[in-house]
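Here are my notes on this model, point by point. Please read them with the structure open.

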Amino acid sequence: MRLDKYLKVSRLIKRRTLAKELCDQGRVAVNGTTSKAGTDVKLDDVLVIQFGQKVVTVKVTGLSEHATKENAKGMFELVKEERIQ
């Protein structure tokens, strides 16, 4: 699944266009490598997303093309969340 679509479907980011913009700005990394919106996301990948003053690290635990509110929570596991100065 494409990275921008995964971020939207898993509800880590509200809109796919915003997910694409974050990727284009180099604020999303997959397994330690800065990634573009078209990068393929697989199970057990580790994503690091920088939101302004916050950095969120998650592990991909599920892939679903059409997530509902209930199964979107099962698509990732929060590894770390930290504020940066």
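**Notes on the predicted model**

1. Start with the hairpin of β3 and β4. Two residues sit between its strands, and Gly52 there has a positive phi near 50°. The coordinates come from a prediction, so read every value below as computed from a predicted model.

2. The hairpin strands pair antiparallel. Six bridges join β3 (residues 46-51) to β4. One pairing to check by eye is Val46, whose bridge partner in β4 is Lys59.

3. Strand β4 also pairs with β5. Here seven bridges link β4 to β5 (residues 76-83), again in the antiparallel sense. Lys59 reappears: its bridge partner in β5 is Glu77. Lys59 thus has a bridge partner in β3, Val46, and a bridge partner in β5, Glu77.

4. How covered is β4? Mostly: β4 spans residues 54-60, and five of its seven residues are buried. Lys59 itself is partly exposed, because its relative accessible area is 30%, which falls between the 20% and 50% cut-offs.

5. Lys59 makes a salt bridge as well. Its partner is Asp44, with the closest N and O atoms 3.8 Å apart. Lys59 belongs to β4 and Asp44 to the loop between β2 and β3, so the pair ties together parts 15 residues apart in sequence. Asp44 counts as exposed because its relative accessible area is 51%, and the cut-off for exposed is over 50%.

6. Asp44 deserves a look at its backbone too. Its phi is positive, near 70°, and the residue is not glycine. Most residues other than glycine have a negative phi. Asp44 lies in the loop between β2 (33-34) and β3.

7. Arg11 is a second such case. This residue other than glycine also has a positive phi near 70°. Arg11 is located in the loop between α1 and α2.

8. Ser10 is in that loop as well, between α1 (3-9) and α2 (16-24). Is Ser10 buried or exposed? Ser10 is buried, because its relative accessibility is 2% and the buried class covers values under 20%. A polar atom of the Ser10 side chain lies 2.8 Å from the backbone oxygen of Tyr6. Leaving aside residues up to four places away in sequence, Ser10 touches Ala72, Met75 and Phe76. Phe76 lies within the span of β5, residues 76-83.

9. How many salt bridges does the structure hold? There are seven. Side chains of opposite charge can pair when their charged atoms come close. Arg2, Asp4 and Arg16 are linked in a network of these bridges. Within the network, Asp4 pairs with Arg2, with the closest N and O atoms 3.1 Å apart. Asp4 is buried at a relative accessible area of 3%, while Arg2 is partly exposed at 38%.

10. One more salt bridge should be listed. Glu82 pairs with Lys80, the closest N and O atoms being 3.9 Å apart. Glu82 is partly exposed, with 35% relative accessibility. Lys80 is partly exposed too, at 43%.

11. Finally, the annotation. An unreviewed UniProt entry assigns "domain: RNA-binding S4" to residues 1-61. Over residues 1-61, the chain is 26% helix and 30% strand. The end C-alpha atoms of this stretch are 13 Å apart.

Notes: Residues are numbered from 1 along each chain as its sequence is written. This is a predicted model: local features need pLDDT of at least 70, side-chain atom pairs count only at pLDDT 80 or more; totals for chains, interfaces and linings use all residues. Side-chain values use heavy atoms; hydrogens and water are left out. Helices (H or I, at least four residues) and strands (E, at least two) are DSSP runs, numbered from the N terminus. Buried means under 20% relative accessible area, exposed over 50%, partly exposed in between (1.4 Å probe, protein chains only). A polar contact is a pair of N or O atoms within 3.5 Å; within protein, one must be able to donate a hydrogen and the other to accept it, and residues adjacent in sequence count only if both atoms are side-chain atoms. Contact means heavy atoms within 4.5 Å. UniProt positions are given in the numbering used here, feature names are shortened, and annotations may be inferred rather than shown by experiment. Two strands pair if DSSP finds at least two bridges between them. A salt bridge is a side-chain nitrogen of Lys or Arg within 4 Å of a carboxyl oxygen of Asp or Glu.
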